[in-house]
Each structure stands twice: as C-alpha cells, then as structure tokens.
Amino acid sequence: PFVTWSLQMLSFLLNRCNRKGTYYYATIRDTIIKAVSSIPLICKTILLINSDRDLERITSLSIIRNSFLHKNAVGPWIVAMLNGPRYSQQRMLQYLQLISKVTFHDLIGIKHGAGNGDSWQRSQSDIDDFTRIRRETFDAVADLPGIIHALRILSTKNLEQVATTKAVQYLLNKKMRSPSILCKVLFELMLVFALIFSF
C-alpha cells in the first residue's frame, strides 16, 4: 500500500508539472522520470506482480507509463523474461504492447480535449519529444543482445501477438537495414541461385 501511494503521489506531481507547461516544471518532470526509470529492475518487478488487477492499476499511473517508455528502464531483463517460463513471457508481451500503444496523452496524464483550467497546451515540440523518447526506447530494445533469438522461441500464439506491436516491428525493420543482415540475405540468395543453375 505504501509503494502504491508513493507512485500515486509521484504521478500526481508529474501531472501537475505537465499542466504548468513551463521550462522549470518540465525540468522537474524529466528529473522525476529519469530517477524512477533508473531504479534497477523496477519495470521487471512491476511486471511480475501476481494480481492482474494490481498490475493494471499500477501501469495506468503516468509515472509508470513514463518510466516504461524511458530508455533507462531497458535492459537484459527483457531478454531474460522472454527466455523464461510462460508466465514471464506473457508479462513481457504485455510490456511490449504497453510501450507500443501508449499515447502522448497517456504520458502526460491529461485526457484529450479535457479542460483542466491550467495553462498547459500541447505543442509540436511536445509531440516531437514524445516521438524521440519512444524511438530511443525502441532502439534500446532492438540493440539488446539475444533479443531476436528470444523472440523466435516464443510460442506461435505469442509470436503472432508480439509481431503486431510497434516495438517489435521497429526492431525487425532496424535489423533488416543492418549491413550484416543484408549481406547474409544476399549470400543466401546467391547460394539459392547457384543451386538452381547447377541442375
């Protein structure tokens, strides 16, 4: 209960900073998010909460959504959970879905079109910052050693679900643009053509 209350208070403070919209409050907001997302294995600990109801309640808080979508929270624990038992794989699927579906308004804790009586207004720079943060997190996930192998060993059902997430689609697109991958594909194509023309 105390941890939940603390996260709720941090989310309240974060939301207030978002609505003020000044550089001073934006600095406080970024400091809070960086500090929380840097706590070792905080995302893994939250994902392994036994109660689905408690997990949903915790991940709905803006401080947790912002922490999940911060590159500091990404680490080898993601690959470890994908390589783990079915329960941890399912939780990791939820994580990838969450960071893929989270929206700008989810992160700032303000419903789209809601009148909150504060001076905050969405600007293009806010949208650009959100896009940059999400891209940095997706890059961090894509660069994890062993991530492709960990995804390949998932069950067909889980693999189909995870393949529809923006995070994994970004990962695959990035890997396909890698020179080493392109060289490997080209080499395999040359072998195929060699076999065809040898008969």
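A residue counts as buried when its relative accessible area is under 20%, as exposed when that area is over 50%, and as partly exposed in between. The exercises below use this definition on a predicted model.

**Exercise 1. Describe the overall make-up of the protein chain: how many helices and strands are there, and what share of the residues is buried?**

Solution. Begin with the elements: the protein chain has 13 helices and zero strands, and read from the N terminus the order is α-α-α-α-α-α-α-α-α-α-α-α-α. Then turn to burial, where buried residues account for 36% of the 199 residues in the protein chain. Finally, consider how contacts span the sequence: among those between residues at least 6 apart, 73% join residues that are at least 24 apart.

**Exercise 2. Decide for D52 and for R91 whether the residue is buried or exposed, and state what links the two side chains.**

Solution. First take R91, whose relative accessible area is 2%, so that R91 is buried. Next take D52, whose relative accessible area of 53% makes this residue exposed. The two side chains meet in a salt bridge, with 3.1 Å from N to O. This pair links distant parts of the chain, since D52 belongs to helix α4 (residues 52-59) and R91 to helix α7 (residues 86-101), 39 residues apart. As background, side chains of opposite charge can pair when their charged atoms come close.

**Exercise 3. Compare where the partners lie in two further salt bridges, R57 with D54 and K174 with D143.**

Solution. The structure holds seven salt bridges, and the two in this exercise are among them. In the pair of R57 and D54, the closest N and O atoms are 2.7 Å apart. Both residues sit in helix α4, and because they are three residues apart there, about one helical turn separates them. R57 is partly exposed at a relative accessible area of 38%, and D54 is likewise partly exposed at 30%.

In the second pair, the side chains of K174 and D143 meet at 3.0 Å, N to O. K174 lies in helix α12 while D143 lies in the loop between α9 and α10 (147-152), so this salt bridge ties together parts that are 31 residues apart in sequence. K174 is partly exposed, with a relative accessible area of 24%. Elsewhere, salt bridges with shared partners join D129, R132 and E136 into one network.

**Exercise 4. Describe how α1 packs against α2, and then place L14 in its surroundings.**

Solution. Start with the geometry: α1 and helix α2 (residues 23-37) pack at an angle of about 150 degrees with their axes 8 Å apart, and the crossing is left-handed. Next list the residues that meet, which are L10, L13, L14, C17, N18 and K20 from α1 and Y25, I28, R29, I32, I33 and V36 from α2. Sorted by class, this contact has nine nonpolar, one polar and two charged residues.

Now look at L14, which lies in helix α1 (residues 2-20) and is buried, with a relative accessible area of 0%. Not counting residues up to four places away in sequence, L14 touches R29, I32, I33, S62, I63 and N66. One of these, N66, is 52 residues from L14 in sequence, and their C-alpha atoms are 9.7 Å apart in space.

**Exercise 5. Describe how α9 meets α12, and find which residues R134 touches.**

Solution. The axes of helix α9 (residues 124-142) and helix α12 (residues 166-176) come within 9 Å and cross at roughly 65 degrees, in a right-handed crossing. The residues of this contact divide into six nonpolar, no polar and six charged. R134 is found in helix α9 and counts as buried at 18% relative accessibility. Leaving out residues up to four places away in sequence, R134 touches L69, I99, S100, V102 and K166.

**Exercise 6. Which residues have the most contacts inside the largest nonpolar core, and which helix gives the most to this core?**

Solution. The largest nonpolar core has 44 residues, and those with the most contacts inside it are F68, I78, M92, Y95 and I99. Helix α7 gives the most to this core, with six residues. Then examine F68: leaving aside neighbours within four places in sequence, F68 is in contact with C43, I46, L47, T59, Y95, L98, I99 and T137. In soluble globular proteins, nonpolar side chains tend to be buried together.

Terms used: Residues are numbered from 1 along each chain as its sequence is written. This is a predicted model: local features need pLDDT of at least 70, side-chain atom pairs count only at pLDDT 80 or more; totals for chains, interfaces and linings use all residues. Side-chain values use heavy atoms; hydrogens and water are left out. Axes are lines fitted to C-alpha atoms, for helices over the stretch in contact, and angles run from 0 to 180 degrees between N-to-C directions. Helices (H or I, at least four residues) and strands (E, at least two) are DSSP runs, numbered from the N terminus. A crossing is left-handed if the near helix is turned anticlockwise from the far one by less than a right angle, and right-handed if clockwise. Ala, Val, Leu, Ile, Met, Phe, Trp, Tyr, Cys and Pro count as nonpolar, Asp, Glu, Lys and Arg as charged, and the others, Gly among them, as polar. A salt bridge is a side-chain nitrogen of Lys or Arg within 4 Å of a carboxyl oxygen of Asp or Glu. Buried means under 20% relative accessible area, exposed over 50%, partly exposed in between (1.4 Å probe, protein chains only). A nonpolar core is a set of buried Ala, Val, Leu, Ile, Met, Phe, Trp, Tyr and Cys residues joined through side-chain atoms within 4.5 Å. Contact means heavy atoms within 4.5 Å.
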